[in-house]
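Me: I would appreciate a close look at the interior of the model shown below. Please take the buried residues and the empty spaces together, in one connected account.

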Amino acid sequence: MTTAVTRPGVRRGTIPVLATATAITVSNIYFTQPLLDEIARSFRISPSAAGLVATTGQIGYALGILAIVPLADGARLRRLSVLLLGVTSAALLTGAFAPSLTLLSMVTLVMSATTVLPQVIMPTVAAMATPGHAGRVLGAVGTGLTLGALLSRTAAGLIAEVTGTWRAGFAVAAVATGALLLVLPRYMPADRPARDGAPESYPRLLASLPRLIPEHAPLRLSAALGGAVFAAFSAFWSSLAFHLAAAPIALGPAVIGLFGLFSVPGALAARYSGRLADRWGTTRVNALSLISVLLAFALFGLAEQSLIALAVGCNLLGYGTTSGQIANQARIFAARPAIRARLNTVYMFTVFAGGATGAGVGGVLFSAFGWTGVVSGGLGFLLLAALALLWHALRAHRHTAGTAVTAGITR
């Protein structure tokens with residue numbers, strides 16, 4: 001990053017460090033997905049029952065966003081990052097030795113609730129950007145977030161293949177997360193964020209969250225788009241391992257994990273969506289992202305047995321989901337700095353509630369209808385997103401037309 005992109009006083013290398021930390025921490029939510037088939041075999045349970053691990057991961061992350069991320073509007077972020085990294089590392093290590101699905105799901109819930117640093121980092125990095133460059137820095141960190149989500153699946157699959165057990169993935173994740181304790185706190189702000197008035201208590205911070213929804217139309221749009229698209233994203237990824245492990249494809253966990261690696265080009269391309277959001281506006285980037293995800297699901301449905309088509313679709317899905325996320329957050333971070341973390345709380349809570357819904361629905365649909373059910377469910381979620389974007393575009397058009405008529409009358 002250049003000094004033209006970040007504000008004076010921001011430590012050199014901060015954006016790459018924050019992007020890397022985001023990638024490592026968010027991977028804790030997703031690395032279990034290619035392991036679900038192995039977990040099901042280990043505990044001798046059905047695939048839908050093993051899917052509970054992915055579902056509790058999404059639910060825990062949503063709860064952590066709701067309970068912890070608002071603190072970023074007033075807490076000392078350096079201290080907060082140390083606490084969260086420590087608890088997450090301990091929970092991951094416990095998961096490596098969990099003797100039952102029940103305990104593993106409980107540990108996953110705790111681990112995912114405390115691994116919310118990416119959503120503490122996002123409003124923080126937006127405040128570090130110079131005017132007109134918020135989309136660019138959010139694109140850099142948002143790309144790290146997507147790469148972590150994708151590559152964690154590859155790493156987890158390879159680790160399970162080499163070691164012969166899904167438990168090694170939890171152990172490696174604990175070490176990687178713990179290592180961040182040596183680096184990340186030095187790049188997080190040591191002082192409390194600047195505020196408009198006196199600091200608010202934690203209960204007041206939480207109590208203010210519901211009011212943000214009716215008061216901020218950009219938040220409502222971003223939440224609707226983010227929740228619906230991420231539901232489709234999660235339905236796909238939480239079910240892909242079962243689809244690839246079943247006949248006639250019948251792949252092992254290492255190859256299944258490679259699908260995260262296959263998605264890297266699409267995620268890297270999404271980095272430039274931040275610059276597009278700065279130039280074109282967020283609505284156009286949302287439309288572009290939605291088209292990309294729709295094309296992905298079309299490929300998943302039309303060529304479900306083709307590994308090449310699935311890999312291309314993964315790239316389209318990664319690009320579209322990341323681009324939409326960048327646009328959605330750029331839209332809500334245009335608000336005043338004092339409430340950005342809480343706006344992000346409401347937004348991300350909706351997104352990951354959608355993710356939990358998608359993961360749960362995907363598992364049920366796969367058990368009942370196979371891969372066709374998963375694709376149909378994903379397209380249903382995307383239809384909701386398309387309707388929300390269309391409604392916003394029509395309202396914006398009517399508002400523009402009304403303003404033009406009023407201006408003509410006043411003349």
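Reply: In this predicted model, a suitable place to begin is helix H5, whose buried residues are Leu101, Leu104, Ser105, Val107, Thr108, Met111, Ser112, Ala113 and Thr114. These buried residues pack against helices H1 (14-30), H2 (36-43), H3 (47-68), H4 (77-95) and H8 (167-179). H5 itself covers residues 101-114, 14 in number, and spans 20 Å from its first C-alpha to its last, close to the 20 Å expected at 1.5 Å a residue.

The account now turns to enclosed space. A search of the whole structure yields 2 cavities of 30 Å³ or more. The largest cavity holds about 280 Å³. It is lined by 25 residues, and those closest to its centre are Val229, Phe230, Thr321, Thr322 and Gln325. Helices H7 (134-163), H11, H15 (282-302), H16 and H17 (340-369) each supply at least two residues of this lining, with H16 giving the most, at 7 residues. By residue class, the lining of the largest cavity comprises 13 nonpolar and 12 polar residues, and no charged ones.

Thr322 merits separate attention. This residue belongs to helix H16 (residues 307-332), and it counts as buried because its relative accessibility is 2%, where the cut-off is under 20%. The Thr322 side chain reaches the backbone oxygen of Gly318 at 2.9 Å. Beyond its neighbours within four places in sequence, Thr322 is in contact with Gly142, Thr146 and Ala270.

The second largest cavity contains about 40 Å³ of space. Its lining consists of Gln33, Pro34, Arg153, Trp237, Leu240, Ala241 and Ile256, and H11 gives the most to it, with 3 residues. That lining divides into 5 nonpolar residues, 1 polar and 1 charged.

H11 (217-245) also takes part in an open space: together with helix H18 (371-410), each supplying at least two residues, it contributes to the lining of the second largest pocket. The volume of this pocket is about 280 Å³. Among the residues lining it are Ala217, Pro218, Arg220, Arg331, Trp391, His392 and Arg395. The lining of the second largest pocket has 7 nonpolar, 1 polar and 3 charged residues, whereas that of the largest cavity has no charged residues.

Methods
Residues are numbered from 1 along each chain as its sequence is written. This is a predicted model: local features need pLDDT of at least 70, side-chain atom pairs count only at pLDDT 80 or more; totals for chains, interfaces and linings use all residues. Side-chain values use heavy atoms; hydrogens and water are left out. Helices (H or I, at least four residues) and strands (E, at least two) are DSSP runs, numbered from the N terminus. Buried means under 20% relative accessible area, exposed over 50%, partly exposed in between (1.4 Å probe, protein chains only). A polar contact is a pair of N or O atoms within 3.5 Å; within protein, one must be able to donate a hydrogen and the other to accept it, and residues adjacent in sequence count only if both atoms are side-chain atoms. Contact means heavy atoms within 4.5 Å. On a 1 Å grid over the protein atoms alone, a cavity is a set of points where a 1.4 Å probe fits but cannot get out, and a pocket is an open set with protein on both sides within 12 Å along at least five of seven lines; lining residues have an atom within 4 Å of a point. Grid points are joined across faces, edges and corners, and a volume is the space filled by probe spheres set on the points. Ala, Val, Leu, Ile, Met, Phe, Trp, Tyr, Cys and Pro count as nonpolar, Asp, Glu, Lys and Arg as charged, and the others, Gly among them, as polar. The expected span of a helix is 1.5 Å times one less than its number of residues.
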